[in-house]
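Student: I am new to this structure and would like a close look at a single part of it. Please start with the place where the ligand sits, then go on to the helices.

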Amino acid sequence: MSDVKATTGIYGIFGHPVSHSLSPVMHNSAFEALGLDCVYVAFDIHPEKIGQAAEAIKTLGIRGVNVTIPHKQAIMPHLDDTAPDAVHTGAVNTVKNDGGKLHGYNTDVEGFLRAIKEDLDFKPEGANVFLLGAGGAARAVMSAFCMNAAGSVCIANRTPGKAENLATQFKDHFSGIEIQSLALDDATAVRSRLAEADIIVNSTSAGMSGAGTIELPLDALKENAVVYDLVYKPAETALVTESRERGHKASGGLSMLLYQGAKSFEIWTGEEAPVDVMKKAIV
Ligand code: NAP
C-alpha cells in the first residue's frame with residue numbers, strides 16, 4: 001500500500017455496511033501478485049447516495065467496483081449497459097468503467113458455476129436442482145442453472161410466497177425448464193423433491209453463525225447427489241459436514257466467493273486472476 005502513486009488505478013466495493021468485506025484483501029493480493037499498479041478500497045455508500053456514487057466512478061476515474069448489499073439492484077438504472085447474467089439475476093455485482101461508460105455484470109453466476117464444477121465436478125445441463133432460499137443469492141443460482149439448461153428446479157423457502165414469485169419470474173424467461181416452488185415446512189413435499197435431486201443448493205443464510213439452521217431429511221438423497229452451501233462463515237456448515245458423513249460430495253461457499261472475485265478481476269484487468277493467491281488471502 002505504501003506504493004500508491006499518482007498513477008495508481010483505483011478499484012473498490014460499494015456496500016452498506018461494508019467493513020466486513022473480504023474483497024479488498026482478495027483483490028489487493030491479486031494486484032500485488034501480478035505487479036499491477038492498482039489498489040482496491042471499500043466505500044460505505046448510504047442507500048440514498050448510490051446514484052451519486054455511480055456518477056463518481058466516472059468523475060473520479062475509478063476503473064471498476066464491486067457492488068454488494070444493499071446496492072445490487074439500485075445501481076442498475078445508473079449503468080450504460082448490463083450483461084445477460086445480470087439482467088436475468090436482476091442484480092449487478094461488478095461494474096467496469098470503460099472510458100466513461102459503465103458496464104454492469106453479475107459474476108456471482110459464473111462464480112457459482114465454476115465452484116460447483118471445481119469442487120463437485122458438477123455440470124448444470126439436465127440436472128434436477130433442489131434450491132433452498134429465494135433471496136438475492138438464490139436469483140444468481142437460478143440464473144446459473146436456467147442459463148445452462150438445467151432439467152428442473154424446485155425452490156423451497158421459509159416464506160413460500162417469495163419462492164413462488166421467483167419461480168414465476170424465471171418460468172416467464174425459461175419455459176423449457178420445469179420450475180416449481182414449495183414451502184420449506186411442507187415435510188412430505190420436501191422429502192419427495194429431495195429424493196429426485198441431483199444437486200442440493202443452500203442459498204439461505206441458515207447455517208451462518210447466528211442465523212439459525214434448517215433440518216433437511218438427508219437420508220432421502222440419491223446416492224450420487226451433491227450438496228453446495230453458499231454460506232462461507234463458517235467455512236464448513238453442518239449441512240456440508242452431515243452430507244459428507246453420508247458419503248455425498250459437498251462444499252461450502254468460499255469457492256463461489258473466490259471465483260466471483262476472480263471473474264470480476266478478469267473483467268477489469270483482462271489478466272487471468274491468480275486464484276491461488278486470492279484464495280490464500282480470503283482463507
Ligand atoms: P437474502 O436476500 O436476505 O435472503 C435470505 C434467504 O435466507 C431467504 O430466502 C430467507 O427466507 C432465508 N433464511 C434466512 N434465515 C433462515 C432460516 N433461519 N431458516 C430458513 N430460511 C432462512 O440473503 P442473500 O443475499 O440471498 O444471502 C443468503 C446467504 O448466501 C448468506 O449467507 C450470504 O452470505 C450467502 N452468499 C454467499 C455468496 C458466496 O459467494 N458464497 C454470495 C452471495 C450470498 P425468507 O424469505 O423466509 O426470509
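Tutor: The model is predicted. A good place to begin is L257, where a backbone N or O atom lies 3.2 Å from an oxygen atom of the ligand. The protein covers 79% of the 920 Å² of accessible area that the ligand has on its own. Two further polar contacts can be picked out. At L230, a backbone N or O atom is 2.9 Å from a nitrogen atom of the ligand. At K162 the side chain is involved: one of its polar atoms lies 3.1 Å from an oxygen atom of the ligand. There are 23 residues around the ligand, and those that come nearest are A137, N157, T159, L230 and G253. L230 thus appears both in this group and among the polar contacts.

Next come the helices. Helix α6 takes in residues 160-173. With 14 residues at 1.5 Å a residue, α6 should span 20 Å, and its end C-alpha atoms are 21 Å apart, which agrees. Its buried residues are A163, L166, A167 and F170. Around the axis they cover an arc of only 100°, so they lie on the same side of α6. The cover over these buried residues includes helices α3 (84-89) and α5 (136-146), together with strands β8 and β9.

Helix α7, residues 187-196, can be read in a similar way. Here V190, R193 and L194 are buried. Seen down the axis of α7, the buried residues fall within an arc of 105°, so they line one face of the helix. Among the elements that cover them are β7 (128-132), β8 (152-157), β9 (178-183) and β10 (199-202). Strands β8 and β9 are therefore part of the cover for the buried residues of α6 as well as for those of α7.

The last stop is helix α9, residues 254-269, which contains W268. Is W268 buried or exposed? Its relative accessible area is 6%, and buried means under 20%, so W268 is buried. Leaving aside residues up to four places away in sequence, W268 touches Y11, H27, Y40, G64, V65, N66, T94, V95 and K96. One of these contacts, Y11, is 257 residues away along the chain, yet the C-alpha atoms of W268 and Y11 are separated by 9.0 Å.

Methods. Residues numbered from 1 in each chain as written. Predicted model: local features only at pLDDT ≥ 70, side-chain atom pairs only at ≥ 80, totals over all residues. Heavy atoms only, no water. Buried < 20%, exposed > 50% of the residue type's maximum accessible area, 1.4 Å probe, protein only. Helix = DSSP H or I, 4+ residues; strand = E, 2+ residues; numbered from the N terminus. Arc of directions from axis to C-beta. Contact = heavy atoms within 4.5 Å. Expected span 1.5 Å × (residues − 1). Near = heavy atom within 4 Å. Polar contact = N/O pair within 3.5 Å; in protein donor to acceptor, adjacent residues only side chain to side chain. Areas by Shrake-Rupley, 256 points an atom, 1.4 Å probe, with all protein chains shown as cover.
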